[in-house]
Amino acid sequence: MSVLTITKDNFEEQVLQAEGTVLVDFWASWCGPCRMLSPIVDEIAEDGVEGLTVGKINVDEQPELAAAFDVMTIPTLIIFKNGEVATNSVGVKPKQAILDMLR
């Protein structure tokens, strides 16, 4: 499964109305730690975990979404379950730590 590019235009459909779990990575191209986390998020998407959707939100292009979820520091991961925020984390995490958050 590929990573979705999430914008204010598709956020409601792809995240809030999604059934199951959605992992959202808030990032920016200039952010070094974001570049470290990105391949891990991509790998989780490629693993094709059943019931999991993975998306990324560029905070420079989508400041409204970053503000709506109080994203002050990036990278920030937010996990939504059936449209509700279940948990979040800030900073680079190893793949296993992210998978543990998804459970």
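Me: Does N82 count as buried or exposed, and what relative accessibility is behind that label?

Reply: A residue is called exposed when its relative accessible area is over 50%, and buried when that area is under 20%. In this structure, which is a predicted model, N82 counts as exposed because its relative accessibility is 55%. You will find N82 in the loop between β4 and β5, where β5 covers residues 84-90.

Me: What is phi of N82, and how should I read its sign?

Reply: The general idea is that most residues other than glycine have a negative phi. Phi of N82 is near 50 degrees, a positive value in a residue other than glycine. D70 is another case to look at, with phi near 50 degrees and, again, a positive value in a residue that is not glycine.

Me: Where is D70 found, and is D70 buried or exposed?

Reply: D70 is found in the loop between α3 and β4, and with a relative accessible area of 58% it is exposed.

Me: Which peptide bond is cis, and what is its omega?

Reply: The background here is that most peptide bonds are trans. The bond from I74 to P75 is cis, with omega near 0 degrees. P75 itself lies in the loop between α3, residues 63-68, and β4, residues 76-81.

Me: How many disulfides does a search of the whole structure find, and which residues form a disulfide?

Reply: To recognise a disulfide, look for a pair of cysteine sulfur atoms within 2.5 Å. A search of the whole structure finds one, formed by C31 and C34, whose sulfur atoms are 2.4 Å apart. The link of C31 and C34 is right-handed, with 80 degrees about the S-S bond. As for accessibility, C31 is buried, with a relative accessible area of 4%, and C34 is buried as well, with a value of 3%.

Me: How do the axes of helix α2 and helix α4 cross?

Reply: Reading a helix pair means asking about distance, angle and handedness in turn. The axes of α2, residues 32-47, and α4, residues 95-102, come within 10 Å and cross at roughly 55 degrees. That angle makes α2 oblique to α4, because it falls outside the ranges for roughly parallel, roughly antiparallel and roughly perpendicular. The crossing of α2 and α4 is right-handed.

Me: Which residues meet where α2 and α4 are in contact?

Reply: From α2 come L37, I40, E43, I44 and D47, and they meet K95, I98, L99 and L102 in α4. Sorted by class, the contact of α2 with α4 has six nonpolar, no polar and three charged residues.

Me: What is T21 in contact with, leaving aside its neighbours within four places in sequence?

Reply: Contacts of this kind show which parts of the chain meet in the fold. Leaving aside neighbours within four places in sequence, T21 is in contact with G51, L52, T53, I79, F80, K81 and L102. The place of T21 is in strand β2, residues 21-27, and T21 is buried, with a relative accessible area of 14%.

Me: Where is Q17 found, and what separates the C-alpha atoms of Q17 and E50?

Reply: Separation along the chain and separation in space are two readings to keep apart. Q17 is found in the loop between α1, residues 11-16, and β2, and it is exposed, with a relative accessible area of 53%. Although Q17 and E50 are 33 residues apart along the chain, the separation of their C-alpha atoms in space is 17 Å.

Key
Residues numbered from 1 in each chain as written. Predicted model: local features only at pLDDT ≥ 70, side-chain atom pairs only at ≥ 80, totals over all residues. Heavy atoms only, no water. Helix = DSSP H or I, 4+ residues; strand = E, 2+ residues; numbered from the N terminus. Buried < 20%, exposed > 50% of the residue type's maximum accessible area, 1.4 Å probe, protein only. Contact = heavy atoms within 4.5 Å. Axes fitted to C-alpha atoms, helices over the stretch in contact; angles between N-to-C directions. Parallel < 35°, antiparallel > 145°, perpendicular 65-115°, else oblique. Left-handed = near helix turned anticlockwise from the far one by under 90°. Nonpolar A, V, L, I, M, F, W, Y, C, P; charged D, E, K, R; others polar.
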